[in-house]
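Please open the structure in your viewer and keep the sequence panel visible. The tour proceeds by selection, one stop at a time.

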Amino acid sequence: MNTQVVMYTDGACRGNPGPGGWGVVLNYQDNRKTLRGYAAETTNNRMELTAVIEGLRALNRSCRVEINTDSKYVMQGINEWIANWKRNGWKTAARKPVKNFDLWQQLDEEVAAHNVDWKWVKGHSGIEGNELADQLANQAIDAELSV
């Protein structure tokens with residue numbers, strides 16, 4: 001597992017809930033691949049999670065992956081909350097069902113296939129990969145809403 005991929009992910013939503021998009025930038029050696037997608041009625045948090053899931057699904061073998069996200073929700077969820085949620089049968093500390101359980105479960109499965117290093121980046125701060133992921137997420141929304 002010595003393949004190193006650097007991934008940038010972002011989600012966007014027009015209204016929360018509302019139409020949403022996600023964007024992914026995958027960098028491997030000198031290659032760059034971009035992905036984007038749309039959901040008609042969603043939330044920003046769902047789009048942030050979907051971006052990471054789809055980015056990991058795009059990898060065709062197990063890799064070392066540096067995931068850069070500007071979502072504190074994703075960062076805290078994967079690094080702080082998910083172990084307890086799983087231990088508690090996907091319930092929060094308040095014994096309520098975990099929001100976006102379906103996506104957290106998918107993310108947990110995708111992450112297990114790779115060696116992931118999570119990095120939080122400040123959004124809209126000029127970081128090229130993050131800016132491009134944001135543009136892709138918004139382009140996905142624009143493409144659907146202009147039809």
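**First stop: a helix and its buried side.** The model is a predicted one. Select α3 and colour Leu103, Trp104, Leu107, Glu110 and Val111, which are the buried residues to note in this helix. Because these residues cover an arc of only 125 degrees around the axis, they lie on the same side of α3. On the face turned away from that buried side, select Glu109 and Ala112, which are exposed.

Next, display the elements against which the buried residues of α3 pack: α1 (44–57), α2 (72–87) and β5 (115–120).

The length of the helix can also be checked. Helix α3 comprises 12 residues, 101–112, and at 1.5 Å a residue it should span 16 Å. Its end C-alpha atoms are 17 Å apart, which agrees with that expectation.

**Second stop: a loop residue.** Select asparagine 100, in the loop between α2 and α3. Is this residue buried or exposed? Its relative accessibility is 14%, and because buried means under 20%, asparagine 100 counts as buried. Now show its contacts, leaving aside neighbours within four places in sequence: they are Asn45, Arg46, Leu49 and Tyr73.

**Third stop: a strand residue.** Move to strand β4, residues 64–69, and select glutamate 66 within it. With a relative accessibility of 18%, glutamate 66 also counts as buried, because this value is under the 20% limit.

Which residues does glutamate 66 touch, if those up to four places away in sequence are not counted? Display Gln4, Val5, Val6 and Met7, and then add Asp117 and Lys119, to see these contacts of glutamate 66. For a view across the model, select alanine 137 together with glutamate 66: the two are 71 residues apart in sequence, and their C-alpha atoms are 20 Å apart in space.

**Final stop: the largest pocket.** Val5, one of the residues touched by glutamate 66, leads to the last selection. The largest pocket holds about 240 Å³ of space. It is lined by 13 residues, and the closest to its centre are Val5, Tyr28, Ala58, Leu59 and Asn60. Select these five residues in order to find the pocket. Then highlight β2 (18–28) and β3 (31–42), the elements that each give two or more residues to its lining.

Finally, colour the lining of the largest pocket by class: six residues are nonpolar, four are polar and three are charged.

Technical notes. Residues are numbered from 1 along each chain as its sequence is written. This is a predicted model: local features need pLDDT of at least 70, side-chain atom pairs count only at pLDDT 80 or more; totals for chains, interfaces and linings use all residues. Side-chain values use heavy atoms; hydrogens and water are left out. On a 1 Å grid over the protein atoms alone, a cavity is a set of points where a 1.4 Å probe fits but cannot get out, and a pocket is an open set with protein on both sides within 12 Å along at least five of seven lines; lining residues have an atom within 4 Å of a point. Grid points are joined across faces, edges and corners, and a volume is the space filled by probe spheres set on the points. Helices (H or I, at least four residues) and strands (E, at least two) are DSSP runs, numbered from the N terminus. Ala, Val, Leu, Ile, Met, Phe, Trp, Tyr, Cys and Pro count as nonpolar, Asp, Glu, Lys and Arg as charged, and the others, Gly among them, as polar. The expected span of a helix is 1.5 Å times one less than its number of residues. Buried means under 20% relative accessible area, exposed over 50%, partly exposed in between (1.4 Å probe, protein chains only). The arc is that of the directions from the helix axis to the C-beta atoms. Contact means heavy atoms within 4.5 Å.
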